[in-house]
Amino acid sequence: MDKIKPAFSKGGKLGFLESTFDAFETFLFVPNTTTTRGAHIRDANDMKRTMIVVVVALLPALLFGFYNTGYQHFLSQGVPPEFWASLWFGFLKVLPIIVVSYAVGLGIEFAFAQMRGHEVNEGFLVSGLLIPMIMPVDIPLWMVALATAFAVVFGKEVFGGTGMNVFNPALVARAFAFFAYTPMMSGETVWIAGLTDGTGVVDGFSGATALEQLGTTGTMSYSALDAFLGFIPGSIGETSTLAILIGAAILLFTGVASWRTMVSVFAGGLAMGYLFEAIGLTTYPAWYHLIVGGFAFGAVFMATDPVTSAQTDKGKYIVGFLTGALAVLIRVVNPAYPEGMMLSILFMNALAPLVDYYVVEANISRRKKRVKLAK
Amino acid sequence: MSKQEKEPMFSAKNMKYLTGPFSANNPVIVQILGICSALAVTVQLKPAIVMALSVTVVTGFSNLVMSLLRNGVPSRIRIIVQLVVIAALVILVDQVLKAFVYDVSKQLSVYVGLIITNCIVMGRVEAFALGNKPWPSFLDGIGNGLGYGLILVIVAFFRELLGSGTLYGFRIIPESWYIANGGFYSNCGLMLFPPMALIIVGCIIWVHRSRNKDLQEK
């Protein structure tokens, strides 16, 4: 590695690929340059290790996503779902989506880094895995590619790349796909592999997600335990609240994600859920909101994004609470969007800097008063 | 202009008034004027072209008329006079559209009337026609109208092609490609929403700026 390095530095014969080389080198090894001065907390971690932790935390939900994809598919075909067969089927189904997401996203990311002479940032390691996990299984691959490209270019690079983005890139991808290709992103047939073709499907089998059922009839045909464990149709990685909670535990234990955001999102969702239950708009228990759909996934992996969420501690409580509350509000009140989590997180992404600003201002004026009192 | 010698009608300087607004001084992507109508009428190519022509006529003739009147109008009431001239022209255009291309006129709905408030029209009258002779003013108005129309047509081209699979109403992407007919393709519904027009205008500005380094802000 060190031997071929000079060829890629400035002036070397492959100097124009410096960013690309640097990306792979620091990915595989600890970087040569570490922070030595300034107000940084010195730590063995750099951004790549942080991102890897998030990827590891995503793995339980992803593995369960593989399994559930196969499980739902076999169920819809009337075949008893076996464990390994389901896992393998789901793996084959989901892997192309992941490959496309990474190939397109990283391709654009490397191209931009080369053009601007930046280092390649590793934020996409996480986004590239998040994007497939919030897509329906049956989505055509070229839509994934287009949504990813849109998200990376307009969600991230136009703002200046990783760390500058206002919106969570993975959610931008989903929002793009949702509004551009609504028929492929909602409804009753897209959530289970093979259901769009309609071949060999058991009579009377409905692929509606639990959320859609709750929205239209007020009940769901799945038990709360199934919904918690994840044996329900839905986007690839979002169904199992249990697997997501394992991921949440990893994130919190390593200190990568903020528990303030997570807790307050759940609190906000619950509060709003109970409010709707109290005034009679919903007939199911409020805590259903937390276990069906993408609520838990969004709360754990999306709302806690350190770039797009609030920076101040107080701000995190406020933004988190409003995210949860808004998600339930959209779910219950707007029948066009059975899943409110995506829109509510994106909306609060946009508001987070404002909340931060007022938290900081409030702190400044509080301390000014204290100074006046002391005089 | 101190020199009193006669200039040829299409001298280099006059041509610059006409062609400047196409690129380096484009009203939409450089001066960022008239964005609102650019978002509203560009879902399809046909209304966009009609809108572009209407605005071109209005800017051209309002510049011409105001330039002719420029020495007779007291500057305190000039805005009122401008509005009367522009409104009269817009009503003319609106009547012509209603008479000859009624369906497009219905599609454009209020946006024809709103040409009155289009910042490009007032902007050119204020900035150019009040200080220049009629002929250059007319060219400047036509040039700005066409510069605005150029952007409109580019935006509408992408929005109609990607959002509906048609161009000027003719089908470009074959029906058999669509998922509903057993194909693989699907229209990008986002293209039909105004936000996407804003993003396309952003892309045009992006490309334009990267080709014209002197317009880039530090």
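Here are some notes on this two-chain model, which is a predicted one.

1. **Confidence first.** The model comes with an ipTM of 0.75 and a pTM of 0.78. Chain A has an average pLDDT of 78, and 76% of its residues score at least 70. One stretch to treat with care is residues 32-44 of chain A, where the pLDDT is below 50; apart from near neighbours in sequence, that stretch has 2 contacts in the model. For chain B the average pLDDT is 82, with 91% of residues at 70 or above.

2. **Chain A overall.** You're looking at 16 helices and 0 strands here. Chain A has 375 residues, and 47% of them are buried. If you take the contacts in chain A with a separation of 6 or more, 69% of them join residues 24 or more positions apart.

3. **Chain B overall.** Chain B has 9 helices and 2 strands. Reading from the N terminus, the order is α-α-α-α-α-α-α-α-β-β-α, so to speak eight helices before the strand pair and one after. Its C-alpha trace spans about 70 × 45 × 30 Å along the principal axes. Of the 218 residues in chain B, 36% are buried. Among contacts in chain B with a separation of 6 or more, 76% are between residues 24 or more positions apart.

4. **Where the chains meet.** On the chain B side, 7 residues are in contact with 8 residues of chain A. The chain B residues that touch chain A split into 5 nonpolar, 2 polar and no charged.

5. **The nonpolar core.** The largest nonpolar core holds 135 residues, and those with the most contacts inside it include Leu171(A), Phe176(A), Val300(A), Val58(B) and Leu152(B). Helix H3 of chain B, residues 45-69, gives the most to this core, with 11 residues. Two of those well-connected residues, Val300(A) and Leu152(B), come up again below.

6. **Helix H14 of chain A.** How many residues of this helix are buried? It's 8 of the 8, across residues 295-302, so H14(A) is largely enclosed by the rest of the structure. The buried set includes Phe295(A), Phe297(A), Val300(A), Phe301(A) and Met302(A). Setting aside neighbours within four places in sequence, Val300(A) is in contact with Ile244(A), Gly247(A), Ala248(A), Leu251(A) and Met262(A).

7. **H4 against H6 in chain A.** Helix H4 (residues 83-116) and helix H6 (residues 141-156) of chain A pack at about 35 degrees, and their axes are 9 Å apart. The crossing of H4(A) and H6(A) is right-handed. On the H4(A) side the contact includes Pro96(A), Val100(A), Val104(A), Gly105(A), Ile108(A) and Glu109(A), while H6(A) brings residues including Leu141(A), Val144(A), Thr148(A) and Val152(A). The contact residues divide into 11 nonpolar, 3 polar and 1 charged.

8. **Val152(A), a residue of that contact.** Val152(A) sits in helix H6 of chain A. Is Val152(A) buried or exposed? It counts as buried, because it has 30 C-beta neighbours inside 10 Å and 20 are enough. Leaving out neighbours within four places in sequence, Val152(A) is in contact with Gly105(A), Ile108(A), Glu109(A), Glu157(A) and Pro169(A). Gly128(A) is 24 residues from Val152(A) in sequence, and their C-alpha atoms are 9.8 Å apart.

9. **Leu152(B), one of the core residues.** Leu152(B) belongs to helix H8 of chain B, residues 134-164. With 26 other C-beta atoms within 10 Å, Leu152(B) is buried. Not counting residues up to four places away in sequence, Leu152(B) touches Ala38(B), Thr42(B), Ala48(B), Met51(B) and Ala52(B). Tyr178(B) is 26 residues along the chain from Leu152(B), with 27 Å between the C-alpha atoms.

10. **Ala286(A), out in a loop.** Ala286(A) lies in the loop between helix H12 (259-278) and helix H13 (288-291) of chain A. Ala286(A) is partly exposed, because 18 other C-beta atoms lie within 10 Å and being buried takes 20 or more. Beyond neighbours within four places in sequence, Ala286(A) is in contact with Leu270(A), Gly273(A), Tyr274(A) and Glu277(A). From Ala286(A) to Ser127(A) is 159 residues in sequence and 30 Å in space, C-alpha to C-alpha.

Technical notes
Residues are numbered from 1 along each chain as its sequence is written. Chains are lettered from A and ligands numbered from 1 in the order in which they are written. This is a predicted model: local features need pLDDT of at least 70, side-chain atom pairs count only at pLDDT 80 or more; totals for chains, interfaces and linings use all residues. Ala, Val, Leu, Ile, Met, Phe, Trp, Tyr, Cys and Pro count as nonpolar, Asp, Glu, Lys and Arg as charged, and the others, Gly among them, as polar. A residue is buried if 20 or more other C-beta atoms lie within 10 Å of its own, exposed if 12 or fewer, and partly exposed in between; C-beta atoms are placed from the backbone. Helices (H or I, at least four residues) and strands (E, at least two) are DSSP runs, numbered from the N terminus. Axes are lines fitted to C-alpha atoms, for helices over the stretch in contact, and angles run from 0 to 180 degrees between N-to-C directions. A crossing is left-handed if the near helix is turned anticlockwise from the far one by less than a right angle, and right-handed if clockwise. A nonpolar core is a set of buried Ala, Val, Leu, Ile, Met, Phe, Trp, Tyr and Cys residues joined through C-beta atoms within 7 Å. pLDDT is the predictor's confidence in each residue, from 0 to 100.
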